[in-house]
Amino acid sequence: MARFVDVHSHVVPSGDDGAKSVEEGLALCAEAARRGTRALYATPHVWPQLPLTQDRERDVRAAHAALVAPAARAGIDLRLGWELTPSAALLDEDPARYRLGGLAAVLLEISFRGPAEPARLLGEHVEGAGLVPVVAHPERAESVLANPGIAVGFAERGWLLQVNATSLLGRHGEEEEALGWRLVEEGLAALVASDGHRAARPAALDEAYELVLARVGEGADALFDGSALAPLAGADRLDLAERR
Ligand SMILES: [Fe+2]
């Protein structure tokens with residue numbers, strides 16, 4: 001059984017479209033563990049319309065704290081980060097607030113619709129704070145689908161491209177599937193993550209792992225075991241991978 005590091009999920013209730021309760025979050029963690037995940041980053045959305053107020057952050061951290069022990073009993077090392085949707089307000093904040101657990105990295109998405117420019121500005125803001133942008137599901141962004149060179153440019157500057165397992169499984173559409181595979185097969189993707197939200201869209205990596213293994217061979221492991229995060233690990237243990 002592979003041991004996956006999943007850098008993107010919505011298993012901690014936060015008022016967004018992910019888990020609605022600690023109980024639902026725990027069920028998602030148990031399912032993730034059953035399917036081979038060992039370290040799971042919960043990354044509640046930080047949307048322009050749902051920013052991270054102090055009250056919201058307190059509630060999310062409390063929900064995460066309530067989940068850590070039961071998740072560990074289920075076999076999941078549950079960590080907390082955030083998924084940033086670009087906004088002007090975020091450019092005025094210290095990106096360190098939004099780190100992925102103890103990693104020197106911040107997860108941000110390119111808006112599904114509209115230009116990629118706000119994501120570039122946010123990525124540069126993150127970079128300016130000495131952190132590495134992890135770019136969530138570029139294959140799902142309209143701007144990147146129209147011009148994949150945007151994602152290539154981000155990868156070339158050392159930003160980590162995170163493709164969704166569900167894109168590779170064709171769950172977000174044919175174009176997204178094709179671009180996700182292109183990023184994987186051309187070696188531009190650094191990570192595959194679940195972006196799991198709910199039971200019908202679980203935090204699962206096993207099916208995508210088998211497909212990637214069949215297509216790219218041994219290189220598959222590095223996309224699923226958090227290898228790309230190792231230089232940024234700080235306090236977070238990532239040496240969970242059990243080589244097959
Ligand atoms: Fe997400």
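These are my notebook entries on what I looked up in this structure, which is a predicted model.

**Entry 1: the iron site**

I began with the iron ion and asked which atoms hold it. His8 and His10 each coordinate the iron ion through NE2, Glu83 does so through OE and Asp195 through OD, at 2.0 to 2.2 Å. I then looked up the spacing of these donors along the chain, and found that they follow H-x1-H-x72-E-x111-D. Glu83 belongs to strand 5 (residues 83-84), while Asp195 sits in the loop between strand 9 (189-193) and helix 8, so the pair ties together parts that are 112 residues apart in sequence.

I next looked at the geometry of the site. For reference, I noted that the ideal angle for four tetrahedral donors is 109.5 degrees. Here the angles among the four donor atoms of the iron ion run from 82 to 175°, and the site is irregular. The site misses the tetrahedral label because that label needs all angles between 85 and 135 degrees.

Are Glu83 and Asp195 buried or exposed? I found that Glu83 is buried, with a relative accessible area of 0%, and that Asp195 is buried as well, at 2%.

**Entry 2: two residues with positive phi**

I wrote down first that most residues other than glycine have a negative phi. Against that background I noted Asp195, whose phi is near 55°, a positive value in a residue other than glycine. His137 is another such case, with a positive phi near 30°. I located His137 in the loop between strand 7 and helix 4 (142-146), and its relative accessible area of 1% makes it a buried residue.

**Entry 3: the sheet of six strands**

I followed the strands across the sheet and read their order as 3-5-6-7-8-9, an open sheet of six strands with parallel pairing. Strand 3 (45-46) and strand 9 are the edge strands, since each of them pairs on one side only. Helix 3 (residues 117-128) packs on this sheet and touches strand 5, strand 6 (105-109) and strand 7 (132-136), and its direction makes about 175° with that of strand 6.

Strand 8 (residues 160-164) took up the rest of this entry. It pairs in the parallel sense with strand 9 over four bridges, and with strand 7, also in the parallel sense, over three bridges. Looking at single residues, I saw that Gln162 has Leu191 of strand 9 as its bridge partner, that Asn164 has Ala193 in strand 9, and that Leu161 of strand 8 stands opposite Val135.

How many residues of strand 8 are buried? Five of its five residues are buried. I recalled that in a regular strand the side chains alternate between the two faces of the sheet. In strand 8, Leu160, Gln162 and Asn164 lie on one side and Leu161 and Val163 on the other, and both faces are covered.

**Entry 4: the sheet of three strands**

I then turned to another open sheet, made of three strands in the order 1-2-4 with parallel pairing. Strand 1 and strand 4 (77-80) stand at its edges with a single partner strand each, so one side of each is left without a neighbour in the sheet. Neighbouring strands here are turned by 10° against each other on average, with direction ignored. Strand 2 (residues 37-42) pairs with strand 4 in the parallel sense over four bridges, and Ala42 stands opposite Leu80 in strand 4. Helix 1 (residues 22-34) lies across strand 2 and strand 4, and runs at about 145° to strand 2.

**Entry 5: helix 8 and its buried side**

Which residues of helix 8 (residues 206-216) are buried? I found Ala208, Tyr209 and Val212 buried there. These residues cover an arc of only 100° around the axis, which puts them on the same side of helix 8. I connected this with the rule that an α-helix has 3.6 residues a turn, so residues three or four places apart point the same way. The buried residues pack against strand 1 (4-6), helix 6 (165-168), helix 7 (174-185) and helix 9 (220-224). After helix 8 comes Gly217, with a positive phi near 70°.

**Entry 6: Glu57**

Last, I looked up Glu57, which I found in helix 2 (residues 54-73). Glu57 has a relative accessible area of 15% and is buried. Leaving aside neighbours within four places in sequence, Glu57 is in contact with Leu52, Trp82 and Arg97. Between Glu57 and Glu207 I noted 150 residues in sequence and 33 Å in space, taken from C-alpha to C-alpha.

Definitions and conventions:
Residues numbered from 1 in each chain as written. Predicted model: local features only at pLDDT ≥ 70, side-chain atom pairs only at ≥ 80, totals over all residues. Heavy atoms only, no water. Buried < 20%, exposed > 50% of the residue type's maximum accessible area, 1.4 Å probe, protein only. Helix = DSSP H or I, 4+ residues; strand = E, 2+ residues; numbered from the N terminus. Arc of directions from axis to C-beta. Contact = heavy atoms within 4.5 Å. Donors = N, O, S within 2.8 Å, 3.2 Å for Na, K, Ca; no water. Tetrahedral: all angles 85-135°; square planar, octahedral: opposite > 155°, others 65-115°. Pairing = 2+ DSSP bridges. Axes fitted to C-alpha atoms, helices over the stretch in contact; angles between N-to-C directions.
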